[in-house]
Amino acid sequence: MGGNSPCASCKLLRRRCTKDCIFAPYFPSDDPHKFAIVHKVFGASNVSKMLQELPVHQRADAVSSLVYEANARVRDPVYGCVGAISYLQNQVSQLQMQLAVAQAEILCIQMQHEPVMPTSQTGLDGDKSFLLQNSLPDQYLNYGSSSNAIHDSLKRESIFGDMIS
């Protein structure tokens, strides 16, 4: 930076900001919290080493990742962003399960309202639709009672201790 205002890192570390300061392009003086949290978690020396080892075109992405991880570590010192990722993966899994249940319920409703198509196989009395009508157990056709059991099984405790439904 080298101008009138030092970058956020030089301001926090109380040093003179030179024109070749590695932090200046990524930690502007108008956002001091960004460097403060990264410094608290990783340390200025480590961040400087990481940035120097990277090509210039990758440094901005690395700083974004460091800021994200530092924020996650402050919120959850044990798991950091891995805890957030795990929580979101569980949420995606539960939503996929809920979607599958909803699609199954839609299919059951459609099957109850559509006319039965004849098949080539016959039942005992020669009725060709016997196989299609009697091939699904009642528990699949009576979706109201089975869906409650499925929804109840979806309720789990998240890694943060709250109940997810």
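Student: Which residues of H2 are buried?
Tutor: First, this is a predicted model: local features need pLDDT of at least 70, side-chain atom pairs count only at pLDDT 80 or more, and totals for chains, interfaces and linings use all residues. Residues are numbered from 1 along each chain as its sequence is written, while side-chain values use heavy atoms, with hydrogens and water left out. Buried means under 20% relative accessible area, exposed over 50%, and partly exposed in between (1.4 Å probe, protein chains only). In H2, the buried residues are Phe-35, Ile-37 and Val-38.

Student: Within what arc do the buried residues of H2 fall, seen down its axis?
Tutor: Picture looking along the helix, taking the directions from the helix axis to the C-beta atoms. The buried residues of H2 line one face of the helix, because they fall within an arc of 165°.

Student: And which residues are exposed on the other side of H2?
Tutor: Phe-35, Ile-37 and Val-38 are the buried ones. Opposite them, the exposed residues of H2 are His-33 and Lys-40.

Student: What do the buried residues of H2 pack against?
Tutor: Contact here means heavy atoms within 4.5 Å. The helices are DSSP runs (H or I, at least four residues; strands are E, at least two), numbered from the N terminus. By that count, the packing partners of the buried H2 residues are H1, H3 and H4.

Student: Which element gives the largest share of the largest nonpolar core?
Tutor: A nonpolar core is a set of buried Ala, Val, Leu, Ile, Met, Phe, Trp, Tyr and Cys residues joined through side-chain atoms within 4.5 Å. The largest one has 20 residues, and Cys-7, Cys-21, Phe-23, Phe-27, Val-38 and Leu-51 have the most contacts inside it. Two or more residues come from each of helix H1 (8–13), helix H2 (32–42), helix H3 (44–53) and helix H4 (56–75). With four residues, the largest share comes from H4.

Student: Which residues does Phe-27 touch, not counting those up to four places away in sequence?
Tutor: Phe-27 is among the residues with the most contacts inside the largest core. Setting aside residues up to four places away in sequence, Phe-27 touches Cys-7, Ala-8, Ser-9, Lys-34, Phe-35, Val-38, Val-63 and Val-67.

Student: Is Ser-48 buried or exposed?
Tutor: Ser-48 sits in helix H3. Apart from neighbours within four places in sequence, Ser-48 is in contact with Ile-22 and Phe-23. Its relative accessible area is 16%, so Ser-48 is buried.

Student: With which residue does Glu-69 form a salt bridge?
Tutor: A salt bridge is a side-chain nitrogen of Lys or Arg within 4 Å of a carboxyl oxygen of Asp or Glu, and the structure holds one. Glu-69 is buried at 16% relative accessibility and, leaving aside neighbours within four places in sequence, is in contact with Phe-42, Gly-80 and Cys-81. Its salt-bridge partner lies four residues apart from it in helix H4, about one turn of the helix. With the closest N and O atoms 2.8 Å apart, that partner is Arg-73.

Student: Is Arg-73 buried, exposed or partly exposed?
Tutor: Arg-73 lies in helix H4, like Glu-69. At 29% relative accessibility, Arg-73 counts as partly exposed.

Student: Which residues make the nonpolar surface patch of about 330 Å²?
Tutor: Patches are made of residues with over 30% relative accessible area and no salt bridge; like charges are joined within 9 Å and nonpolar side chains (Val, Leu, Ile, Met, Phe, Trp, Tyr) within 5 Å. Val-78, in the loop between H4 and helix H5 (81–113), is exposed at 61%. Val-82, in helix H5, is exposed at 52%. The patch is made by Val-78, Tyr-79 and Val-82.

Student: Which residue has a positive phi of about 55° although it is not a glycine?
Tutor: Most residues other than glycine have a negative phi. Just after H2, Gly-43 takes a positive phi of about 90°. In the loop between H1 and H2, the non-glycine with a positive phi of about 55° is Arg-14.

Student: What share of the accessible surface belongs to carbon and sulfur atoms?
Tutor: Accessible areas come from the Shrake-Rupley method with a 1.4 Å probe, and for residues only the protein chains shown count as cover. The protein chain comes to about 11500 Å² of accessible surface, and the share of carbon and sulfur atoms is 55%.
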